[in-house]
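Here's a walk through a structure you may not have met before. Take a look at the picture, and then we'll go through it piece by piece.

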Amino acid sequence: MVAVILWVAWPWLQPQLERAIYAARLAARPAPTALPVPVQGVAARALRDTWHGARSGGRKHEGIDIFAPRGRQVLSATEGIVSRVGTNSLGGKVVWVMGPGRQMHYYAHLDGYAAIRAGDIVAPGTVLGYVGTTGNARGTPPHLHYGIYAAGGAINPYPLLKAPAAAGAPRR
Ligand SMILES: [Zn+2]
């Protein structure tokens, strides 16, 4: 009986199992100490640290704004699992990726999404979407808002993006 259920459910079960195994391995991996800039063609030296700048409603800026022409490819900074492709009022069109060490990577103000959906496994450099001005970025120059959330809350991506990549790591 169990064998029959397994046989019938296997085409559905197998990817779920693979993803669960990958998720466990990903969570156990150390959080990255250096990251590539997640926008095609933007050099680390061009970045400005916009962490904790004042925002409306007493908020502080929980990430970095990476300016680039509209439509420029937004690339996953890490390997991981896409956890959400959707919208919210501040971020507009957003993508969340769960990366190594259970950190969540947040890509916001996208003009549109690449052909990805929740549950997809991505590599560093996988195209997630395109630079835009959706959400509260309307009327500003096109940029990617990139945030990293660890267990204790948001952390500043800027030092990670400026850090020299570890030997052998992909560099853009
Ligand atoms: Zn921002």
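Let's start with T133, which sits in the loop connecting β7 and β8. This is a predicted model, and in it T133 counts as buried because its relative accessible area is 11%, under the 20% limit. Setting aside residues within four places in sequence, T133 touches R70, H109, R138, T140, P141 and P142. Two of those names, R70 and H109, are worth following up.

Take H109 to begin with. You'll find H109 in strand β5, and it's buried too, with a relative accessible area of 6%. Its backbone has a quirk: phi is positive, about 70°, even though H109 is not a glycine. As a rule, most residues other than glycine have a negative phi. H52 does something similar, with a phi near 65°. That residue belongs to the loop between α1 and β1 and, at 37% relative accessibility, H52 is partly exposed.

H109 also turns up among the contacts of L90, along with R59, T134, G135 and N136, once neighbours within four places in sequence are left out. L90 is in the loop between β3 (80–88) and β4, and it's partly exposed at 38% relative accessibility. For a sense of scale, pick out P15 as well: the C-alpha atoms of L90 and P15 are 33 Å apart, with 75 residues separating them along the chain.

Now back to R70, which pairs up with D111 in a salt bridge, the closest N and O atoms being 3.3 Å apart. R70 is in the loop between β1 and β2 while D111 is in strand β5, so this pair ties together parts that are 41 residues apart in sequence. Both ends are partly exposed: R70 has 46% relative accessibility, and D111 has a relative accessible area of 35%.

How many salt bridges does a search of the whole structure find? Three. Another one joins the side chains of R29 and E79, at 2.4 Å from N to O. This pair spans 50 residues, from R29 in the loop between α1 and β1 to E79 in the loop between β2 (73–75) and β3. R29 is partly exposed at 29%, and so is E79 at 22%.

Then there's D65, whose salt bridge is with R55, with 3.4 Å between the closest N and O atoms. D65 is in strand β1 and R55 in the loop between α1 and β1, ten residues apart. Here the surroundings contrast: D65 is buried, with a relative accessible area of 10%, whereas R55 is partly exposed at 31%.

D65 has a second role, as a partner of the zinc ion. The metal is coordinated by H61 (NE2), D65 (OD) and H145 (ND1), at 2.0 to 2.1 Å. Along the sequence, these donors follow the spacing H-x3-D-x79-H. H61 comes from the loop between α1 (2–28) and β1 (64–67), and H145 from strand β8 (residues 143–150), 84 residues apart. Both histidines, H61 and H145, are buried.

Finally, look at the largest nonpolar core, which has 26 residues. The ones with the most contacts inside it are L47, I66, V95, Y107, L144 and Y146. At least two core residues come from each of β1, β4 (92–98), β5 (104–113), β7 (127–131), β8 and α2 (158–162). Beyond its sequence neighbours within four places, Y146 is in contact with a list of residues including L35, I64, I66, Y107 and L161.

Conventions:
Residues numbered from 1 in each chain as written. Predicted model: local features only at pLDDT ≥ 70, side-chain atom pairs only at ≥ 80, totals over all residues. Heavy atoms only, no water. Donors = N, O, S within 2.8 Å, 3.2 Å for Na, K, Ca; no water. Helix = DSSP H or I, 4+ residues; strand = E, 2+ residues; numbered from the N terminus. Buried < 20%, exposed > 50% of the residue type's maximum accessible area, 1.4 Å probe, protein only. Core = buried A, V, L, I, M, F, W, Y, C linked by side-chain atoms within 4.5 Å. Contact = heavy atoms within 4.5 Å. Salt bridge = Lys/Arg side-chain N within 4 Å of Asp/Glu carboxyl O.
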